[in-house]
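Student: I would like to learn how to read a model of this kind, feature by feature. Could we take the backbone, the burial of residues and the aromatic rings in turn?

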Amino acid sequence: MNPHISIPRQHGNNSNFGGTTPTARSNGLRMPRLLKFPQMDFERATWEMTQLIIAPKKVFRSIYYHVDHQKQTKNTYHLADPSFTYLLSSFQLLTGIAWGIATQGHAGPTLRLTLMFIFVHFLLSSLVIATLAYLLIGRLLGPGGKGLPPRMRRRGLFGEEGGGRDGEAEDLEFGYCFDVAIRAFFPVWICLYVGQFVLWYLIRGDHWISLFLGNTLYLVAFSYYVVIFFLGYNALPFLQHTELLLSPIVLYAVLWAASLFGFNIPKHIAPWMTLGGRE
């Protein structure tokens, strides 16, 4: 069953978005949104993770186009709920401990590796990808993108066509870029942090089948990342030629085919994944 997602009313004092109910605000200092755990929708985050594996298009279809009527801000696609980030960080915590125990064997290196998994592998890499997307995608694939012919844009997943409501111009938001980046990381976590760990003694062997399985695991992880990345931006109605975001899959397929002639990707990449935990 899909989580309950209520659309903000056209006119009203409070907007209820993402299945959370705003609490009364005091006149003093406001607690940062990142620390308001009771307002976070972890049920929705769990549902999103499930759908990212079986039907990723539904995830971006469920993020409604909304307006903050209280603050009178511009229209936004960004979902200001960090529950997905916290939940995936907790999963990275568990996998970091597992990898640390298996490869390091001591508390200190295991702790360092766990922190690397959370803050570098997940959060920092997502922040870098989101920053690059924010700087480049809107400029290259937005209306009037440089070097690309304009074309009629079909309706995006948010139900708008080619621009904002009431004909206003749209800008790509950094918050939305980060939303896409962290969700695209989830299949990478499934394949490379869980799958690779479970299958390690099988895929690190010298047999060709070990090479094939290990390299295919990396192909699936990075290709799935690109697909979810594409779906996130294809959902925005004001972006054009978003199919270009799928082009890295061709490169990955070529590199995967070439690697089958003797280059075992897991044996070369896995040591770098655990680099931060070494003494």
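Student: Is His241 buried or exposed?

Tutor: His241 is buried, because its relative accessible area is 12% and the cut-off for burial is under 20%. Please keep in mind throughout that this is a predicted model, and that the values we discuss are computed from it. The residue sits in the loop between α7 (208–234) and α8 (248–259), and His241 has a positive phi of about 55 degrees although it is not a glycine. A second positive phi, of about 85 degrees, is found at Gly105, just after α3.

Student: How many helices and strands does the protein have?

Tutor: There are nine helices and zero strands, so that the order of elements from the N terminus reads α-α-α-α-α-α-α-α-α. Of the 279 residues in the protein, 45% are buried. If you take the contacts between residues at least 6 apart in sequence, 75% of them join residues at least 24 apart. As for the surface, the protein exposes about 15200 Å², and carbon and sulfur atoms supply 65% of that area.

Student: Let us take one helix, then. How should I read α3, and what covers its buried residues?

Tutor: The general idea is that an α-helix has 3.6 residues a turn, so residues three or four places apart point the same way. Here, helix α3 covers residues 83–103, which is 21 residues, and from its first C-alpha to its last it reaches 30 Å, close to the 30 Å expected at 1.5 Å a residue. Its buried residues are Ser83, Phe84, Thr85, Leu87, Leu88, Ser89, Gln92, Thr95, Gly96, Trp99 and Gly100. The cover over them includes α1 (42–54), α4 (107–141), α5 (174–198) and α9 (265–273).

Student: Gln92 appears among those buried residues. Which residues does Gln92 touch?

Tutor: Gln92, in helix α3, counts as buried because its relative accessible area is 0%. Leaving aside residues up to four places away in sequence, Gln92 touches Phe117, Ile118, His121, Phe122, Phe185, Trp189 and Tyr193. Its side chain also reaches the backbone oxygen of Phe117, at 2.8 Å. Thr95, likewise placed in helix α3, is buried with a relative accessible area of 9%, and, with the same kind of sequence neighbours left out, Thr95 touches Phe117, Trp189, Tyr193 and Val194.

Student: Several of these names are aromatic. How many aromatic pairs does a search of the whole structure find?

Tutor: A pair of aromatic rings is described by the distance of the centres and the angle of the planes. A search of the whole structure finds 15 aromatic pairs. One of them joins Trp99 and Phe117, an edge-to-face pair with 6.2 Å from centre to centre and 65 degrees between the planes. Since Trp99 lies in helix α3 and Phe117 in helix α4, this pair ties together parts that are 18 residues apart in sequence. Both partners are buried, Trp99 at 4% relative accessibility and Phe117 at 0%.

Tutor: For Phe185 and Tyr193, the ring centres are 5.9 Å apart and the planes stand at 45 degrees, so this pair is tilted. Both Phe185 and Tyr193 are buried. One aromatic cluster is formed by Trp99, Phe117, Phe122, Phe185, Tyr193 and Phe197.

Student: Which residues does Leu211 touch, and how far apart are the C-alpha atoms of Leu211 and Ile265?

Tutor: Leu211 is found in helix α7 and counts as buried, because its relative accessibility is 8%. Apart from residues up to four places away in sequence, Leu211 touches Ser259, Leu260, Gly262, Phe263 and Asn264. The C-alpha atoms of Leu211 and Ile265 are separated by 7.7 Å, although the two residues are 54 residues apart along the chain.

Student: Finally, how many disulfides are found, and are Cys177 and Cys191 buried or exposed?

Tutor: The search of the whole structure finds zero disulfides. Cys177 counts as buried, since its relative accessibility is 0%, and Cys191 also counts as buried, at 10%.

Terms used. Residues numbered from 1 in each chain as written. Predicted model: local features only at pLDDT ≥ 70, side-chain atom pairs only at ≥ 80, totals over all residues. Heavy atoms only, no water. Helix = DSSP H or I, 4+ residues; strand = E, 2+ residues; numbered from the N terminus. Expected span 1.5 Å × (residues − 1). Buried < 20%, exposed > 50% of the residue type's maximum accessible area, 1.4 Å probe, protein only. Contact = heavy atoms within 4.5 Å. Polar contact = N/O pair within 3.5 Å; in protein donor to acceptor, adjacent residues only side chain to side chain. Areas by Shrake-Rupley, 256 points an atom, 1.4 Å probe, with all protein chains shown as cover. Disulfide = S-S within 2.5 Å. Phe/Tyr/Trp six-rings, centres within 6.5 Å; stacked < 30°, edge-to-face > 60°.
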